[in-house]
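Trainee: I have a few labels I'd like to question. Can you take me through them?

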Amino acid sequence: MRTLQQIKIDIDTRITNSVANPISLVEALEIIKLAIEDVIVHSGANGKKSLITSQQLINLLHEVVKSSLIIENVNSTLIHPPSGQSRGEKTLAGFLKFKKQDICVFPNNKTPRVERIDFNGLYNTGTTEPYGELFSEHILSINVRSQLSSLSKNIDTMFERTFAEPLNLHRRVPKMVLGEVYLISVRELDSAQLALNNVVYKPFTSSISNYLEKYIKGFSALNMRASQRDDDFKYERVALIIADFSQNPVKVYNTTQDLINDNILPANSIASMNNLNYDGLTRTLLDIHDKRFGTGILT
C-alpha cells in the first residue's frame with residue numbers, strides 16, 4: 001500500500017520515462033486503477049479526490065496520445081508539451097476566448113506570427129496572440145478529459161464544455177483538425193465504503209445504463225467532422241474510452257456489442273460505438289490533416 005505522495009512520485013517517474021518507454025493505453029489504465037485503489041486504502045475518499053484533482057492520472061493519458069502520434073511518425077520535436085512533460089501546454093486564440101490545449105502538434109512549414117485580435121468575444125481591445133491565424137489553423141490539437149466518479153455528475157456541464165471547445169476554435173480557424181479523448185468508468189465506487197477506506201465497486205443499474213447511453217450518443221453527435229465550412233461544434237475525431245476498473249485487468253469496451261454482452265447497455269439500445277474507440281484515433285486525425293494541408297507537415 002502506497003501513500004498519496006508515493007503514488008504521485010511513481011506516476012511522475014513513469015511519465016518522465018515515457019520518452020524512452022512509451023505508455024500504452026492498457027498500461028495507463030492499469031496504473032490509474034492501482035493508484036486509485038491504493039490511495040483509497042491509505043487515505044480514503046479525500047485521498048482519491050486529491051489524486052484525481054492533481055491531474056497526474058489524466059497526464060498518463062496525455063502520454064498515451066503522444067506515444068500514439070510518434071508511432072504514426074509524427075516528429076516528436078513538434079509535439080507540445082514534449083513527451084515525458086506535463087507542463088508547456090499551448091494556449092490558442094479562438095473566436096470567443098483563449099483556451100489552453102492539452103496536446104498540440106505544430107506544423108513544420110509555417111512560422112508563428114504575432115497578430116492582433118480585432119473581433120469581439122472575451123478579448124480586450126488591443127489583445128494580440130502569438131501564433132497568427134494561418135499557423136494556428138495548421139496545428140493539430142488533441143484534448144484529454146476524464147470522468148472517474150459518477151456518470152451522472154455534471155453531465156450537462158461536461159457536454160456543453162465539450163462542444164464549446166471545437167466551436168470556439170473552428171469559428172476562427174475552420175480548417176483546424178481537432179481531436180478529443182474522454183475516459184469514463186462504468187463501475188462507480190461505493191461512497192459509503194470509501195469512507196471506511198474500502199475499495200468496493202457498485203453493481204450496474206439501469207440508471208447507469210441510461211447515463212452511459214447519453215455519453216455515447218452525445219459524443220457520437222460531436223464526432224467525425226467532415227466539412228470545413230459547417231459543423232463547427234464537431235471534432236474531426238473523438239475517442240470515448242469506456243473502462244471497467246473493477247475487473248482485472250481493466251476491461252475496455254470498444255464496441256456496442258461488447259457493452260450489450262455484459263448487460264451494460266440493453267439489447268435494443270440505439271447508442272453506437274462506431275468510430276468512437278481509441279484505436280485509430282491518431283491515424284484518422286493525421287489522415288485528415290494530410291488531406292487538408294498536405295503530407296509531411298507534421299513529420
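Mentor: Sure, we'll go through rings, burial, a helix and pockets.
Mentor: First, this is a predicted model, where local features need pLDDT of at least 70, side-chain atom pairs count only at pLDDT 80 or more, and totals for chains, interfaces and linings use all residues. Residues are numbered from 1 along each chain as its sequence is written, and side-chain values use heavy atoms, with hydrogens and water left out.

Trainee: What makes Phe119 and Tyr123 an edge-to-face pair?
Mentor: Rings of Phe, Tyr and Trp (its six-membered ring) pair if their centres lie within 6.5 Å; planes under 30 degrees apart are stacked, over 60 edge-to-face, and the rest tilted. Here the centres are 5.8 Å apart and the planes meet at 85°, so the pair is edge-to-face.

Trainee: And why are Tyr131 and Phe135 called stacked?
Mentor: Their ring centres lie 5.9 Å apart and their planes are at 20°, so that pair counts as stacked.

Trainee: Why is Phe119 called partly exposed?
Mentor: Buried means under 20% relative accessible area, exposed over 50%, and partly exposed in between (1.4 Å probe, protein chains only). Phe119 has 29%, so partly exposed is the label.

Trainee: Which label does Tyr123 get, buried or exposed?
Mentor: Tyr123 has 11% relative accessibility, so it counts as buried. Phe135 is buried too, at 4%, and Tyr131 is buried at 12%.

Trainee: How do you know that helix 2 isn't straight?
Mentor: Helices (H or I, at least four residues) are DSSP runs, numbered from the N terminus. The expected span is 1.5 Å times one less than the number of residues. For 29 residues that gives 42 Å, yet helix 2 spans only 20 Å between its end C-alpha atoms.

Trainee: Where does helix 2 bend?
Mentor: At Ser43, by about 135°. The bend is the angle between axes fitted to the seven residues ending there and the seven starting there.

Trainee: What makes something a pocket?
Mentor: On a 1 Å grid over the protein atoms alone, a pocket is an open set of points where a 1.4 Å probe fits, with protein on both sides within 12 Å along at least five of seven lines; lining residues have an atom within 4 Å of a point.

Trainee: Which residues lie nearest the centre of the largest pocket?
Mentor: Gln55, Arg145, Ser146, Arg161 and Tyr182, out of 36 lining residues. Helix 5 gives the largest share of that lining, eight residues. Gln55 also takes a positive phi of about 75°, just after helix 2.

How values were computed
Helix = DSSP H or I, 4+ residues; strand = E, 2+ residues; numbered from the N terminus.
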